[in-house]
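Open the model in your viewer and keep the selection tool at hand. The stops below go from a whole chain to a single residue.

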Amino acid sequence: MDLRDSAEEARFRARLRTWLAENVPDESEPAVLAERWPYMRAFQERLYRAGWVALSYPTDVGGQGLGPMEEAILSEELGRANAPTLLPLGHLGRPLHRYGSEEQRRRYLRPLLAVEEIWCQGFSEPEAGSDLASLRTRAVREGEEWVIDGHKIWTSYGAFADYCLLLARTDPDAVRHRGISAFIVPLDTAGVTVRPIVLANGEEEFAEIFLDGVRIPAENMLGEPSDGWRIAMDVVNYERGAVETGYLPKFARYLSELGEVLTASGLGADRAARLRLGRVAAHLEVLRMHCLRTLSARVSGAPPGPESSVDKLLMTAVEQELMDLSIELVTDVGSPGRAEWFDRYLYGRAGSIYGGSAQVQRNILAERMLGLPRQQG
Amino acid sequence: MRFALSDDQQFLQKVTDEVVGQALAATPARSAATDGGELRAALWSTLVELDLVALLVPVEHGGPGGSLTDACVVAEVLGRHLAPVPYVGTAIAAAALLRFAGGPPAALAGLAAGEPYSVLLDQHLADPDGPDGPDGPDGPDGSVSIAFDWVAGARGVALSPDGVATTYELAAGEEVDDVDLLHRLRRFDPVPAAAPRGDDARRARAMAWTGAAALLTGLADGALATATEYARQRHQYQRPIGSFQAVQHLCADMLVDVETSRSMTYGASWAAEHAPIDEAMRVAAAAKAYAGAAAVRVCETSIQVLGGIGVTDEHDAHLRLRTAHLHHAAFGGPDAPMLLLADRILEGN
């Protein structure tokens with residue numbers, strides 16, 4: 001154990017801190033996604049140009065060739081500088097890097113990391129949510145093309161995306177997850193229709209994607225035929241970590257704002273309120289330490305496995321606890337900020353659903369980490 | 001940055017696990033509640049021989065000069081086995097107080113050699129409802145009278161009003177009837193004491209909190225292991241109950257609590273010893289608050305999975321839950337760490 005920065009890490013942190021002090025925008029993050037998206041994207045483009053994102057990707061694909069600990073430092077320093085939230089899409093570069101051909105990596109990875117091209121993931125379907133392996137979208141080979149028909153849903157940032165990492169069934173005779181392949185689908189291809197889904201908080205962060213006879217070149221398959229499930233599991237394991245998705249600094253900002261709310265409500269000396277705040281603060285510290293442990297384990301280069309379900313359940317619990325506290329504190333009807341906190345609270349309810357519901361995460365832990373006997377039908 | 005146990009620490013973990021496991025296979029932990037201290041003394045001398053009790057004692061005072069992380073590795077194993085020894089009170093809390101708050105060198109040397117020391121608990125020092133809480137810099141001084149992790153012949157260690165760790169001969173006293181049957185408390189004539197104010201005393205407090213968190217993590221891990229093993233073997237409706245989703249989710253929740261407590265505890269084991277004092281206190285507070293609540297939750301859930309047997313005197317589940325509650329409440333009470341964390345945020349505004 002040594003949580004100090006090494007000499008190199010310390011230099012990296014100092015340079016980053018200096019850069020952030022000069023480059024974090026003065027205007028705060030807009031509450032509405034339509035305004036927040038260009039704000040986040042513009043900041044991330046600047047971060048990338050200055051060499052502060054895609055840290056742990058190799059330099060030949062547009063990364064910085066650093067390690068997971070630099071990712072942890074980035075996350076901490078973004079929070080400290082009250083910087084805009086990172087687009088939670090960094091994990092989508094992982095499968096391209098791991099399974100992509102030389103040509104695919106060269107073509108797609110750098111623009112993805114630079115956020116010049118926005119990616120989304122086409123996994124869930126109306127009839128394939130938790131049971132992802134039952135997906136029905138089909139890809140049929142016709143000459144040098146794949147022809148794709150189907151319907152994807154719950155695609156994060158689908159309305160903003162240029163490319164979709166899409167799962168489709170290529171072998172209808174294989175059982176369930178064995179017949180699935182992964183594809184790179186340009187969303188401006190004829191036959192693709194993207195329709196935003198309006199969430200309860202009014203935002204259009206998710207979308208449906210309809211694919212109607214969509215033709216893509218044969219070389220747009222990622223990995224080998226039937227690699228789709230493996231690729232999908234890799235993606236969700238990365239997606240379940242809090243550092244990869246940039247949520248840690250956001251939660252730290254929420255906690256500090258809740259401290260201000262508590263003071264403004266005249267509850268600064270109220271023991272019960274302080275205990276509530278302290279409990280959430282402890283939980284956030286747990287998340288920070290757990291992320292450090294997870295990232296340290298990744299220094300060896302191994303991708304995350306089923307233990308990432310612990311990270312996901314923890315991250316969700318911290319977010320929902322923060323939001324529950326906000327609703328407890330901002331109780332005066334019509335008080336300033338109440339509606340905004342309520343929207344964040346509503347969004348927090350999604351945390352235990354997307355990326356595999358909290359119940360699916362528990363199934364994974366029970367069977368794959370604890371070795372409990374398989375559930376029977 | 002490196003967040004992982006070293007090879008040496010993994011070896012320490014393995015050896016401690018084997019030694020304690022063998023000792024308690026021969027004589028179950030529960031016998032310590034009634035054997036007049038025989039098992040406790042035997043196990044303690046084994047730990048002394050292996051130099052595990054002296055880990056926090058510096059080399060110049062006869063210790064091996066280990067780290068708090070080393071001591072937490074041992075405490076976690078002891079918690080997993082529900083070992084009835086005063087490790088957190090003596091080898092971590094008393095040792096840290098003696099080492100950091102200017103305690104007499106002879107006492108540290110004595111502790112390294114296996115002499116028993118108890119920590120005089122400070123939870124009654126300050127008005128817990130006061131504006132600063134028991135840990136605040138302006139909390140009143142007072143007196144302490146309850147020795148934590150007491151064993152026969154132990155000397156007491158407390159922070160005297162001048163902020164120095166002081167040892168006391170403890171005469172007679174009377175057994176305190178509290179919840180834990182394996183870690184004892186004893187009431188003595190009060191001695192004057194102060195809240196931890198100076199950086200050194202606060203460092204000792206942070207280390208005591210972290211040591212308790214390590215024991216609590218081990219207690220929870222043992223409860224999880226007991227429950228999952230039972231869930232694999234116990235059949236109802238012609239199948240193992242561990243194949244029912246309702247039971248699986250209870251076990252998964254326990255696993256999340258155990259793994260996250262472990263992350264928090266080992267992070268704190270480094271920070272409490274090495275980080276600047278404010279950071280050390282903050283991280284140790286999070287460890288104590290979180291691991292305490294998590295261990296109580298996990299021990300309760302384990303009883304639920306065990307069903308009827310879990311609520312009998314015969315099963316160890318209640319002993320584990322009792323030990324969890326005592327350590328959750330130790331060193332200033334369960335609320336002190338949370339109030340400290342809250343006040344850090346509020347001061348920043």
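This tour of a predicted model says what to select at each stop and what is found there.

**Stop 1: the whole of chain B**

Select chain B and colour it by secondary structure. You should find 10 helices and 8 strands. Turn the C-alpha trace along its principal axes: the spans are about 65 × 50 × 40 Å. How does the radius of gyration of chain B agree with that of a compact globule? For 349 residues, such a globule would have a value near 20 Å, and chain B has 20 Å, so the two agree.

Now colour chain B by burial. Buried residues account for 59% of the 349 in the chain. If you draw the contacts between residues at least 6 apart in the sequence of chain B, 74% of them link residues at least 24 apart.

**Stop 2: where chain B touches chain A**

Show both chains and select the residues in contact. On chain B there are 44, and they meet 46 residues of chain A. Which elements of chain B give two or more residues to this side? They are helix H6 (199–233), strand E8 (239–240), helix H7 (245–274), helix H8 (277–306) and helix H10 (336–348). Highlight H7(B), which gives the most, with 16 residues. Coloured by class, the side of chain B that touches chain A shows 24 nonpolar, 13 polar and 7 charged residues.

**Stop 3: H3(B) against H7(B)**

Keep H7(B) selected and add helix H3 of chain B, residues 68–80. Two packed helices are described by the angle between their axes and the distance between the axes. Here the angle is about 145° and the axes are 8 Å apart. The crossing of H3(B) past H7(B) is right-handed.

To see the contact itself, show side chains. From H3(B), pick Leu68(B), Thr69(B) and Cys72(B). Opposite them in H7(B) are Thr265(B), Tyr266(B), Ser269(B), Trp270(B), Ala272(B) and Glu273(B). By class, the residues of this contact are 5 nonpolar, 3 polar and 1 charged.

**Stop 4: Asp26(A)**

Move to chain A and select Asp26(A), which sits in the loop between helix H1 (7–23) and helix H2 (33–49) of that chain. Is Asp26(A) buried or exposed? Asp26(A) has 4 other C-beta atoms within 10 Å, and a residue with 12 or fewer counts as exposed, so Asp26(A) is exposed.

Finally, add Ala139(A) and draw a line between the two C-alpha atoms. Asp26(A) and Ala139(A) lie 48 Å apart in space, with their positions 113 residues apart in sequence.

How values were computed: Residues are numbered from 1 along each chain as its sequence is written. Chains are lettered from A and ligands numbered from 1 in the order in which they are written. This is a predicted model: local features need pLDDT of at least 70, side-chain atom pairs count only at pLDDT 80 or more; totals for chains, interfaces and linings use all residues. Helices (H or I, at least four residues) and strands (E, at least two) are DSSP runs, numbered from the N terminus. The radius of gyration is taken over C-alpha atoms; the globule rule is 2.2 Å times the number of residues to the power 0.38. A residue is buried if 20 or more other C-beta atoms lie within 10 Å of its own, exposed if 12 or fewer, and partly exposed in between; C-beta atoms are placed from the backbone. Two residues are in contact if their C-beta atoms, placed from the backbone, lie within 7 Å. Ala, Val, Leu, Ile, Met, Phe, Trp, Tyr, Cys and Pro count as nonpolar, Asp, Glu, Lys and Arg as charged, and the others, Gly among them, as polar. Axes are lines fitted to C-alpha atoms, for helices over the stretch in contact, and angles run from 0 to 180 degrees between N-to-C directions. A crossing is left-handed if the near helix is turned anticlockwise from the far one by less than a right angle, and right-handed if clockwise.
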